[in-house]
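Dear colleague,

I am passing on the structure we spoke of, and below it you will find my notes on what was found. Please read them alongside the coordinates.

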Amino acid sequence: MKTLNKALLTGFSLVAATALIGCGSEDAKKAQAPFVEINKDPFPSTYKALPSVPTMITNVNIYDGLGGLLENTSVLLENGKIKAIGNNIKAPADDANVIDGKGKWITPGIIDVHSHLGVYATPDTGSHADGNEMVKPVTAAVWAEHSILVQDPGFRRALAGGVTSMQILPGSGNLIGGRGVTVKNLPNRVIQDMKFPEAPYGLKMACGENPKRVYGKKGGPMTRMGNVAGYRQAWADAQNYQRSWDKYKADYDAGKDAKAPKRDLNLDTLAGVLRGDILVHMHCYRADDMGTMMDVMKEFNYQIASFQHAVEAYKIADKLAENNICSAMWADWWGFKMEAYDGIRENIPMVANAKACAIVHSDSDQGIQRLNQEAAKALSDGQRAGINFSKAEAWTWLTANPAKSLGIFEQTGSIEIGKNADVVMWSAEPFSTYSQAEMVFIDGGVAFDRNKSETWAVSDYELGQVAEGDHK
């Protein structure tokens with residue numbers, strides 16, 4: 001009897017222990033805190049396209065943005081998209097807007113990959129200087145969109161020059177200056193209403209003279225080697241940060257009571273680059289600086305989408321092509337500081353001739369108004385040097401290549417069926433000094449019509465202040 005009781009007691013003990021273990025496991029699962037996940041898009045686009053009607057432009061010449069020329073043809077814009085291209089298309093409805101384009105030209109809308117509109121807004125006063133957070137060399141936590149003054153009259157001026165999209169960047173005073181944003185050039189009340197839907201964020205970085213000039217007497221860096229040490233430390237910190245979040249997720253998925261790492265806004269952005277979510281656009285003039293930055297890129301396994309300004313890109317055009325890096329360049333700016341001294345007017349066509357991605361950019365609230373003429377200068381300078389691109393091929397420097405560098409080529413940058421109807425109708429051949437953007441369509445809606453003043457957006461700053469030559 002004693003033996004039986006002992007066995008029963010032992011059995012009860014095992015059952016109880018098993019039950020307790022089971023309860024403990026359930027309690028552990030219940031005790032696990034909710035998973036912490038960082039929102040990668042806390043400020044989503046609220047952009048809404050303009051109202052539009054089916055629009056067919058007939059008898060028109062087209063630079064398709066891909067290097068092609070179509071003469072005396074038609075294009076149909078419908079429901080915000082390019083619906084059809086060719087000679088045998090018909091307007092889809094009686095109320096369609098049919099425009100006779102005889103003598104006129106159609107192109108994709110111009111895309112400027114380097115603008116400071118809104119962050120250095122006009123009127124040009126110190127209170128509007130919101131583009132450079134020059135308090136420490138690495139300020140990846142700041143976002144250009146949080147500085148943009150949407151009332152900047154420059155947006156309207158750029159629209160009249162055929163610019164339908166642009167990337168707005170922080171300045172170049174810091175090693176890492178912060179996030180850029182790509183917008184549709186459709187002026188609105190708040191910046192999120194202009195943000196290009198689903199466009200990747202950019203990260204502005206700068207090499208060479210600017211950071212060492214700004215920080216040389218503020219604790220450094222004060223040399224180019226100091227610049228590079230600063231980038232490398234930032235990327236090393238970002239790798240550690242990324243590993244800590246990866247470990248947290250792995251531990252959490254394993255059922256452990258894992259604690260999320262402390263969030264760091266600087267490192268959030270840099271880790272986004274390492275993941276491939278954010279595109280690096282790097283202010284860099286000299287060929288040797290660009291070569292160094294390609295080495296750093298490979299060390300930390302991220303991709304530079306573009307070198308901005310790239311005054312000496314012609315010296316390393318083959319390396320840029322090999323590394324799939326675009327160069328966003330001026331047609332003829334050079335010599336205004338030592339690292340810009342070795343610029344040449346043939347830079348853009350020489351880069352393109354090496355099969356690298358060549359882009360014409362502005363970095364100017366004036367230049368953005370006539371980027372077609374900037375491209376014309378680069379084209380003619382190349383031709384004088386024996387580098388013979390067609391005008392249709394040169395238009396890729398203004399549309400398709402910029403779109404590729406910004407990660408929006410699937411949506412815009414060329415005249416192709418199914419793409420956004422971001423289209424400009426020019427009064428004459430677009431490379432002509434006398435050609436004007438006559439109509440600008442963004443997602444098929446009329447954003448600007450030179451012959452209808454009611455479509456000319458007017459900034460608050462312009463009301464009651466009519467300058468000589470203005471018509472408002």
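R224 and D289 form a salt bridge in this predicted model, with their closest N and O atoms 3.0 Å apart. The pair links distant parts of the chain, since R224 belongs to helix 4 and D289 to helix 6 (residues 287–300), 65 residues apart. The two partners fall into separate exposure classes: R224 counts as partly exposed because its relative accessibility is 21%, where buried would require under 20%, whereas D289, with a relative accessible area of 9%, is buried.

A second salt bridge that links distant parts of the chain joins the side chains of E145 and K195, at 2.8 Å from N to O. Here E145 lies in the loop between strand 6 (110–115) and helix 2 (154–160), while K195 lies in the loop between strand 8 and strand 9 (202–206), 50 residues from E145. Both E145 and K195 are buried.

R384 and D381 offer a local case, with a salt bridge whose closest N and O atoms are 2.5 Å apart. The two residues are separated by about one helical turn, because they stand three residues apart in helix 9 (residues 371–384). R384 is exposed, with a relative accessible area of 64%, whereas D381 counts as buried at 3% relative accessibility. This pair also belongs to a network of salt bridges in which D332, R345, E374, K377, D381 and R384 are linked. The count of salt bridges comes to 25.

Two members of that network, D332 and R345, reappear in the lining of the largest cavity, which encloses about 70 Å³ of space. The structure holds one cavity of 30 Å³ or more. Its lining also includes H309, V311, M329, the run W330, A331, W333 and W334, and further G343, I344 and N347. By class, seven of the lining residues are nonpolar, three polar and two charged.

W334 deserves a separate word, as this residue of the cavity lining also takes part in a nonpolar patch on the surface, together with M338 and Y341. The accessible area of W334, M338 and Y341 together is about 410 Å². W334 sits in the loop between strand 12 (326–329) and helix 8 (347–353), and with 47% relative accessibility it counts as partly exposed.

Turning to the open spaces, the largest pocket has a volume of about 850 Å³. It is lined by 39 residues, of which I38, N39, K40, R275 and D277 are the closest to its centre. The elements that contribute two or more residues to this lining are strand 8 (176–184), helix 4 (224–253) and helix 5 (265–275). Divided by class, the lining of the largest pocket has 19 nonpolar, eight polar and 12 charged residues.

Lastly, for the chain as a whole, there are 472 residues, of which 52% count as buried, and the secondary structure comprises 11 helices and 16 strands. The C-alpha trace spans about 115 × 65 × 45 Å along its principal axes.

With best regards

Notes:
Residues are numbered from 1 along each chain as its sequence is written. This is a predicted model: local features need pLDDT of at least 70, side-chain atom pairs count only at pLDDT 80 or more; totals for chains, interfaces and linings use all residues. Side-chain values use heavy atoms; hydrogens and water are left out. Patches are made of residues with over 30% relative accessible area and no salt bridge: like charges are joined within 9 Å, nonpolar side chains (Val, Leu, Ile, Met, Phe, Trp, Tyr) within 5 Å. Accessible areas come from the Shrake-Rupley method with a 1.4 Å probe; for residues, only the protein chains shown count as cover. A salt bridge is a side-chain nitrogen of Lys or Arg within 4 Å of a carboxyl oxygen of Asp or Glu. Helices (H or I, at least four residues) and strands (E, at least two) are DSSP runs, numbered from the N terminus. Buried means under 20% relative accessible area, exposed over 50%, partly exposed in between (1.4 Å probe, protein chains only). On a 1 Å grid over the protein atoms alone, a cavity is a set of points where a 1.4 Å probe fits but cannot get out, and a pocket is an open set with protein on both sides within 12 Å along at least five of seven lines; lining residues have an atom within 4 Å of a point. Grid points are joined across faces, edges and corners, and a volume is the space filled by probe spheres set on the points. Ala, Val, Leu, Ile, Met, Phe, Trp, Tyr, Cys and Pro count as nonpolar, Asp, Glu, Lys and Arg as charged, and the others, Gly among them, as polar.
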